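Q: I'm new to this one, so please pick a single part and take me through it slowly. After that, show me a few other places worth a look.

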Amino acid sequence: MRKEISESEIPERLKQQFEFILEIDKEKMIERQTHLSDGLRRENDAEHAWHLALMTILLGEYSNEPVDLLKTVTMVLIHDIVEIDAGDTYAYDEEGKKTQQEREQKAADRIFRLLPEDQSAKLRGIWDEFEAWETPEAKFAHVMDNVQPAMLNAATGGNDWAKRRVKLEQILKRNEHTAEGSEYLWQYMLNQIIGPNVENGNIAATPSEKNQLKQETRRLQTMAEKSESRKEMDRVLEQEKNLSFSSFTYGDAWRLAELIQEGARRENSAVSMRIELNGTVILQYLMDGTAEENLNWMRRKCNMVHFTGHSSYYVYHLLKENNDTIENWGLDLKDYTFMGGGFPLKIGGSTAGAVIVSGCPHEIDHKIVTDAIAALIREKAEAAV
């Protein structure tokens, strides 16, 4: 039989930990202003914290910067503990917000001190970090804290916004830093949650505020496109680094042309192709269904590869990322293009020519040419074994 532990034998540390654990049970008694998704009752602080913790685990990939998920989950779980003493302050209660910081700091002093000193310092430090809103974890935790109630408000038909006559300017003010934690989720909020409720009248907005919302949506869309272009640039740079032949013969050019045709057929398309080596066009072929116009496209793509040393698809995203044009580079559109489909022909890591494809949407042209080069490199490696 296990010996019973007397009161005097219970470590003080364990007593403090359980005192804190029991104290935070009171979070379940703190009613928030936000209704649950069925609209039948309001959620409490514990439910809110649980929801945020799971959202953090699922949505952490959308943070602008990498975050420590365990730390961020801890942050959202404890961020409202102070409301045990301070009470819930409604997001748009301007009078309540005047004393909110003082009330919550006082509550934090009392509640976190219930813990053993080391744990008290650790959790209080994480709570203070959330309040400071400076680290990637704190910024993303605030995104979660803003997205969740907005999502529930929308799920209940926007009734909470409508009943309290919440204005768009109030929501935008509350979320003025949300994009610092996640541009992607802020854009989602605007497009899927806030915008529709402005349109149906649940969120009050003047014509100028509606215009401000549209401008913010456009700004975020531009930023998202730039972010996507940056990712594509990194991907293409990796392709340019890896897709290099140890040697390249005229026979390889013929086989590469066959692989390009196979790729075009997989896309149910016809393309033109051009392979240039050491300044000489060693192969040029137009599949049935292409046109002479493709010859000009191939010439311009090839010129861009030679001018930049990069894939023409890389140039496309480079220009998009920087809001630039090839005219600003002093190039004539008659002789150069930024459309994808031109790729450096590399031998031993050095550019020795270019492989060009034209006939499909330019991102498909790029895929066809890179897939074909990768396939030929694999074939040559397998044949060498």
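A: Let's start with Met304, which counts as buried because its relative accessibility is 0% (buried means under 20% relative accessible area, exposed over 50%, partly exposed in between, with a 1.4 Å probe and protein chains only). Before going on: this is a predicted model, where local features need pLDDT of at least 70 and side-chain atom pairs count only at pLDDT 80 or more, while totals for chains, interfaces and linings use all residues. Residues are numbered from 1 along each chain as its sequence is written, and side-chain values use heavy atoms, with hydrogens and water left out.

Met304 sits in helix α14, residues 293-308. Helices (H or I, at least four residues) and strands (E, at least two) are DSSP runs, numbered from the N terminus. Setting aside neighbours within four places in sequence, the contacts of Met304 include Gly309, His310, Val315, Trp329, Leu331 and Phe338; contact means heavy atoms within 4.5 Å. Asp335 is 31 residues away along the chain, yet its C-alpha is 8.5 Å from that of Met304.

Now for another helix, α5. This one covers residues 94-112, 19 in total, and spans 27 Å from first C-alpha to last, close to the expected 27 Å (the expected span is 1.5 Å times one less than the number of residues). Still, α5 has a kink of about 45° centred on Gln100, where the bend is the angle between axes fitted to the seven residues ending there and the seven starting there. Its buried residues are Gly96, Glu104, Ala107, Ala108, Ile111 and Phe112, and their cover includes α1, α3, α4 and α6.

Next, the sheet. Its 5 strands form an open sheet in the order β3-β6-β7-β4-β5, with mixed pairing (two strands pair if DSSP finds at least two bridges between them). At the edges are β3 (244-245) and β5 (280-286), each pairing on one side only. Strands β6 (342-347) and β7 (350-358) run antiparallel, joined by 6 bridges, and Ile347 has Ser350 in β7 as its bridge partner. Helix α16 (362-384) packs on this sheet, touching β3, β6 and β7, and its direction makes about 130° with that of β7; axes are lines fitted to C-alpha atoms, for helices over the stretch in contact, and angles run from 0 to 180 degrees between N-to-C directions.

Last comes the hairpin of β4 and β5. Strand β4 (272-277) pairs with β5 in the antiparallel sense over 6 bridges, with Ile275 opposite Leu283. There are 2 residues between the strands, and Asn278 takes a positive phi near 50°.
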